[in-house]
Amino acid sequence: MISFSDVARAAYCPRQLYYVRRADERRVPPEASARIDLAYRYPSLVGAPDATLRRLPIRRSPAAYRRNLSRLRERDDYDRLVDPDRTRAFCAGKDCHGRVHKVLADSGADGGGADGGTGAVDTPDDDGPPTPVIVSPGEPPENGVWEPQAVRAVAAAKALSWERERTVPRALVEYPSVGVVRSVRLTRRKLAAYRRALRAARAIDGPPPRVDDDRCSACEYRDQCGTGRRSLRSLLG
Ligand code: SF4
């Protein structure tokens, strides 16, 4: 069984996952944890004064952050985001398991779509499907979500689908230090990326090849990986 975080790392770089496994280092840093916790505090933050917000690990100015939270309140699922059915819920599917930061009950309009691998079929008078939410401590991209987060969201949706024996056609990724929520639908492309990452995570039995691109500059293992040294060597000819 592969963890949600491992399959996401494999989507980023299989070699990075190799280093994480070797060090057995999966602790969430305190700063990241504090940012994730903001996802459970929107109602008290939306009207909080500048002084309070400045003490929190938000990634926007207090005014911009309050504006983003006000926009969140216009979402149909806002009530469920602030009062989820389950929080930090452990979900185990056929292939992956891990903690889902929130599970929203009955996401309404999203019945039908991909069956999440269970073959389950919704009947018309069912409640809508549940929606898993992955919370990121980081910045969102300009549009959509970063690929490893999409893979993690798909893994969570598939696990929830397996657990509930019903379709889960989408997941959400929340960026609470910015006040933004993005949707991830389980399209063919997203499912294919998830399967690729799953295969890569399973296949690791020694250091996989380096990816050696922009990803390396943000990677905490670049020193031991040697990508910096190799770039320097190539610069020196
Ligand atoms: S430095 Fe680059 S190749 Fe090495 S583990 Fe990190 S992302 Fe992968």
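I took two residues to be in contact if their C-beta atoms, placed from the backbone, lie within 7 Å. With that in hand, I looked up how far apart in sequence the contacting residues are, and found that residues 24 or more positions apart account for 71% of the contacts in the protein with a separation of 6 or more. I note here that this is a predicted model.

**Overall make-up.** I counted eleven helices and six strands in the protein, and I noted that buried residues make up 37% of its 237 residues.

**The core.** I then turned to the largest nonpolar core, which has 41 residues, and those with the most contacts inside it are Val7, Val151, Ala153, Val154, Ala155, Ala156 and Ala171. Both helices and strands give two or more residues to this core, among them helix 1 (4-12), helix 2 (14-23), strand 5 (170-175) and helix 9 (188-203). Which element gives the most to this core? I found that helix 8 does, with ten residues. As background, I recalled that nonpolar side chains tend to be buried together in soluble globular proteins.

**Helix 8.** Helix 8 spans residues 147-164, and I looked up its length: its 18 residues reach 26 Å from the first C-alpha to the last, close to the 26 Å expected at 1.5 Å a residue. Because 15 of the 18 residues of helix 8 are buried, I describe this helix as largely enclosed by the rest of the structure. For valine 151, I set aside the neighbours within four places in sequence and found contacts with Val7, Ala8, Ala11, Ala193, Tyr194 and Ala197. After helix 8 comes glutamate 165, for which I read a positive phi, near 55°.

**The ligand shell.** Next I listed the residues around the ligand, of which there are 14, and the ones that come nearest are Cys13, Arg210, Cys216, Cys219 and Cys225. The elements that give two or more residues to this shell are helix 2 and helix 10 (222-225), and helix 2 gives the most, with three residues. Sorting the shell by class, I obtained seven nonpolar, two polar and five charged residues.

**Helix 2.** Since helix 2 appears in both the core list and the ligand shell, I looked at its burial as well. Pro14, Arg15, Gln16, Leu17 and Tyr18 are buried in helix 2, and I wanted to know which helices its buried residues pack against. They pack against helix 1, helix 9 and helix 10. My last entry concerns aspartate 24, which follows helix 2 and has a positive phi, near 50°.

Conventions:
Residues numbered from 1 in each chain as written. Predicted model: local features only at pLDDT ≥ 70, side-chain atom pairs only at ≥ 80, totals over all residues. Core = buried A, V, L, I, M, F, W, Y, C linked by C-beta atoms within 7 Å. Buried ≥ 20, exposed ≤ 12 C-beta atoms within 10 Å, placed from the backbone. Helix = DSSP H or I, 4+ residues; strand = E, 2+ residues; numbered from the N terminus. Expected span 1.5 Å × (residues − 1). Near = placed C-beta within 6 Å. Nonpolar A, V, L, I, M, F, W, Y, C, P; charged D, E, K, R; others polar.
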